[in-house]
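Reader: Hi! Could you walk me through this protein before I head back to the bench?
Author: Happy to, let's look at it together.

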Amino acid sequence: MQSPARYRLVYFVLVPLAFVVAGVLGSQVSGRIDLTTGQLYTISPPARERLEQLENPVRIRYFLSPRLESYSGEPERIREYLEEFAAISPLVELQVLDASDPEHRETALDLGLLPQQLTDRDRDSQSLVTVFSGVVLGYGDSQTVLPFVLDSEELEYELVSAWDEMITERAFEIAVMSGNQELELRSAYQNALLRLSERFAVRLVEQGDQIPASADMLFVFGNKDLSGTTVAQIGEFLAAGGGVMLSIEGVHVQLDDELTARELPPSDLDLLLEQYGVRVSRELVLDRFHMIVPLAGAGGGPESFVRYPHWITLMSRNAAPGHPVSEAVAGIDLFWPSRIEPLGESPPGLQLTQLYTTSYEGRVMDSPFATNPALGEDVYDRIWREGGDRIGVVMALSGSFPFYADAGSDAGEDVGSDAGAHAGTQRSDEMADDGRLLLVGGGYTFSDFLELGEDPMRNLRFLTAAGHWLAGDEDLLALLGRTSQDLRLNGLSSSNLRAAVVRFAQWVNIVVIPAFVLLFGAMRIIRRRRIKSAAYVDSTEASSPATKRR
C-alpha cells in the first residue's frame with residue numbers, strides 16, 4: 001500500500017510542475033482548432049487558391065470602433081480572420097484602423113462605410129453610440145467597400161466575391177422580369193432586387209423587350225401574364241446555354257380581401273416545360289410544417305395569429321442532398337406553391353433534380369380552393385385525413401435544352417389551337433450549349449411577402465445561391481454554403497416518426513431513468529452493507545480469545 005507521503009509528493013509537486021510545463025509549451029506553440037460545422041473559421045481552398053495566385057498587392061483596411069468590441073465578440077473574430085487571411089500571402093496588406101480617431105472616422109465616411117448606432121446604458125441614463133465595422137478592399141485602381149460587417153461567418157464569402165469582381169472587373173449580369181402585371185418590380189420586389197444587386201449587375205426588363213445580350217441569367221418572378229413572345233425568348237435563352245430562374249404557379253391567388261384563388265389556363269409556358277419533361281399542376285400544395293400568419297380582428301378587434309398551411313416552410317431535410325444549391329442554403333419559404341413534378345422520362349441530355357419537396361405530411365388542394373385564413377383550420381380537416389406524401393415544389397434542370405421555335409402566339413391567343421399545339425420546342429441536329437433552369441413553386445415567393453416568412457433571409461440567400469449556380473460560379477456557391485447550415489433541431493418530417501420519438505422519450509423519462517436511479521441506489525445500499533458486515537466480522541475475529549492466543 002502506498003504511503004501518504006507519496007500522495008503528497010504527487011499533489012504538491014508533480015501536478016503544479018505539469019501545469020508549469022504546459023504553460024511554457026503553450027507560450028511557445030500557438031494554434032487554433034476549428035470545430036465548427038463547415039470549418040467556418042478556416043481559410044477555404046478557393047480563398048487560399050486566390051491568395052496564392054496574386055500578382056499585385058491587395059490592400060485591406062478594417063475600420064473598427066473599439067467601443068463595439070465591448071458589445072460583441074464578432075469584431076475580434078473578424079480581425080483574427082483578416083490577420084490569417086493576410087498571413088497566407090505577402091502581397092496582402094492589412095490595416096486595422098481605429099474609427100474613433102477623427103481622421104480615420106472622416107476617411108471611413110468618405111469611403112462609404114455605414115456607421116451604426118448602439119444604445120449605451122448605465123445605471124442612470126442611456127445614450128446612442130455610433131460605431132464602425134467596415135472593410136475596404138483595394139486592388140490596383142479598383143476598390144470595393146463592405147459598408148458594415150458584423151458576421152464573421154459570412155466574411156470569407158463577402159471578401160472572395162468582392163475580390164473576384166475587382167480582379168475580373170466584371171460582375172455576372174441578371175436580367176429581371178415580372179410575369180405578373182399586378183406586381184411591379186421596383187415596388188413589389190424591393191428586397192429581392194437589393195439582395196441581387198449586392199452580388200450581381202441587375203438589369204430590369206419589361207415584357208416584350210429583348211433579353212439583353214450581355215445578360216448571363218434571367219430571373220422571372222411570376223408567370224400569370226407571360227406572353228408567348230416572352231416564353232419564346234426564355235426557350236431560346238436556355239437553348240443558347242443561359243441560366244433561368246422562374247417562380248411559377250399553377251393556381252393564382254388574388255390579393256383581395258378574400259384571397260380568391262383560381263386555376264391558370266394552359267399556356268405556352270406549359271408547352272415549353274412539357275418539352276423539358278416537367279409539369280406544373282393546377283393544385284395548391286399544403287404541409288403540416290407551415291407558417292403562422294396575423295389575422296385582423298373582426299370589427300377592429302385585436303389581431304390574432306392562425307396557422308396557414310398554404311405558406312409552407314422547407315428546411316434542409318426537405319432538400320435533395322448533394323446538389324450545390326440545396327447545400328448552400330438552409331431552406332426556403334413558399335407562398336401558395338403548386339406541385340412541380342417530372343412528366344414521364346426526362347429528355348435526352350437534360351438532368352432533372354427534385355430540389356425540394358414537402359415533408360411526408362404534404363397534401364394538395366383541388367378547386368374550389370379555400371385560401372382565406374379567416375375560414376379557420378376546420379376547412380383543412382378533410383385534407384389532413386387523407387394520406388400525406390412528399391410533394392415536389394422546387395426543381396432544377398441542367399444540360400442541353402432543346403432549341404425553341406417561336407410558337408407565334410401572344411397573350412390572349414388560343415394556345416389550344418392547331419398552331420399553338422404544334423408549336424414549341426424542337427430538337428435541332430446541332431447540339432445546344434448547356435443551360436440551367438430553376439423552377440420554384442409560388443408566384444409570390446420572392447416578392448416582399450418574404451418579410452412575413454419565418455426567416456426572410458433564407459429566401460434572399462436562396463436567390464443569391466440561385467444566381468451563383470445559374471452562372472456556374474461553383475466556388476462562391478460553396479463558400480455561401482459554409483455559412484448556411486441549418487442547425488435547428490425542430491421538426492421531424494413524419495408524424496409516425498414524431499409520435500414514436502415522443503413515446504420513446506416518455507418511456508425513457510418515466511421508466512428507464514427512475515429504474516436506473518433505484519437500481520443504482522439499491523446497489524449502493526447493498527455494497528455499503530457488505531462493507532459494514534465485512535468490517536464487523538474482521539473486528540469480531542480480531543477481538544476473539546482464539547485470535548489473541550494465536
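Author: What follows is a chat about this structure, which is a predicted model.

Reader: Great. How many helices and strands are in the protein?
Author: The secondary structure comes to 17 helices and 24 strands.

Reader: And what share of the residues is buried?
Author: Of the 550 residues in the protein, 44% are buried. As for contacts with a separation of 6 or more, 76% of them are between residues 24 or more positions apart.

Reader: Can we talk sheets? What is the strand order in the open sheet of three strands?
Author: The order is E15-E16-E17, and the pairing is antiparallel. Strands E15 (290-295) and E17 (331-335) are at the edges with a single partner strand each, so one side of each has no neighbour in the sheet. On average, neighbouring strands here are turned by 40° against each other, direction ignored.

Reader: How many bridges join E16 to E17?
Author: Five bridges join them, with E16 covering residues 304-315. One residue to look for is Ile-312, whose bridge partner in E17 is Leu-334.

Reader: Which helix packs on that sheet?
Author: That is helix H14, residues 456-470, which touches E16 and E17. The direction of H14 makes about 105° with that of E17.

Reader: Changing topic: which residues are buried in helix H15?
Author: In H15 (residues 474-482), the buried ones are Leu-476, Leu-477, Leu-479, Leu-480, Gly-481 and Arg-482.

Reader: What do the buried residues of H15 pack against?
Author: They pack against helix H6 (155-168), helix H11 (324-328) and H14. That is the H14 that also packs on the sheet we just discussed.

Reader: Now cavities. How many are there of 30 Å³ or more?
Author: The count comes to two. The second largest has about 30 Å³ of space.

Reader: Which residues line the second largest cavity?
Author: Its lining is Asn-223, Ile-248, Glu-249, Ser-267, Leu-269, Asp-270, Val-280 and Arg-282. By class, that lining has three nonpolar, two polar and three charged residues.

Reader: One last thing: where does Thr-130 lie?
Author: Thr-130 is in strand E4, residues 126-131.

Reader: Why does Thr-130 count as partly exposed?
Author: Because its relative accessibility is 30%, and partly exposed runs between the 20% and 50% cut-offs.

Reader: What does Thr-130 touch?
Author: Leaving out residues up to four places away in sequence, Thr-130 touches Ser-65, Arg-105, Pro-115, Gln-116 and Gln-117. Thr-130 and Leu-118 are twelve residues apart in sequence, with 6.4 Å between their C-alpha atoms.

Technical notes: Residues are numbered from 1 along each chain as its sequence is written. This is a predicted model: local features need pLDDT of at least 70, side-chain atom pairs count only at pLDDT 80 or more; totals for chains, interfaces and linings use all residues. Side-chain values use heavy atoms; hydrogens and water are left out. Two strands pair if DSSP finds at least two bridges between them. Helices (H or I, at least four residues) and strands (E, at least two) are DSSP runs, numbered from the N terminus. Axes are lines fitted to C-alpha atoms, for helices over the stretch in contact, and angles run from 0 to 180 degrees between N-to-C directions. Contact means heavy atoms within 4.5 Å. On a 1 Å grid over the protein atoms alone, a cavity is a set of points where a 1.4 Å probe fits but cannot get out, and a pocket is an open set with protein on both sides within 12 Å along at least five of seven lines; lining residues have an atom within 4 Å of a point. Grid points are joined across faces, edges and corners, and a volume is the space filled by probe spheres set on the points. Ala, Val, Leu, Ile, Met, Phe, Trp, Tyr, Cys and Pro count as nonpolar, Asp, Glu, Lys and Arg as charged, and the others, Gly among them, as polar. Buried means under 20% relative accessible area, exposed over 50%, partly exposed in between (1.4 Å probe, protein chains only).
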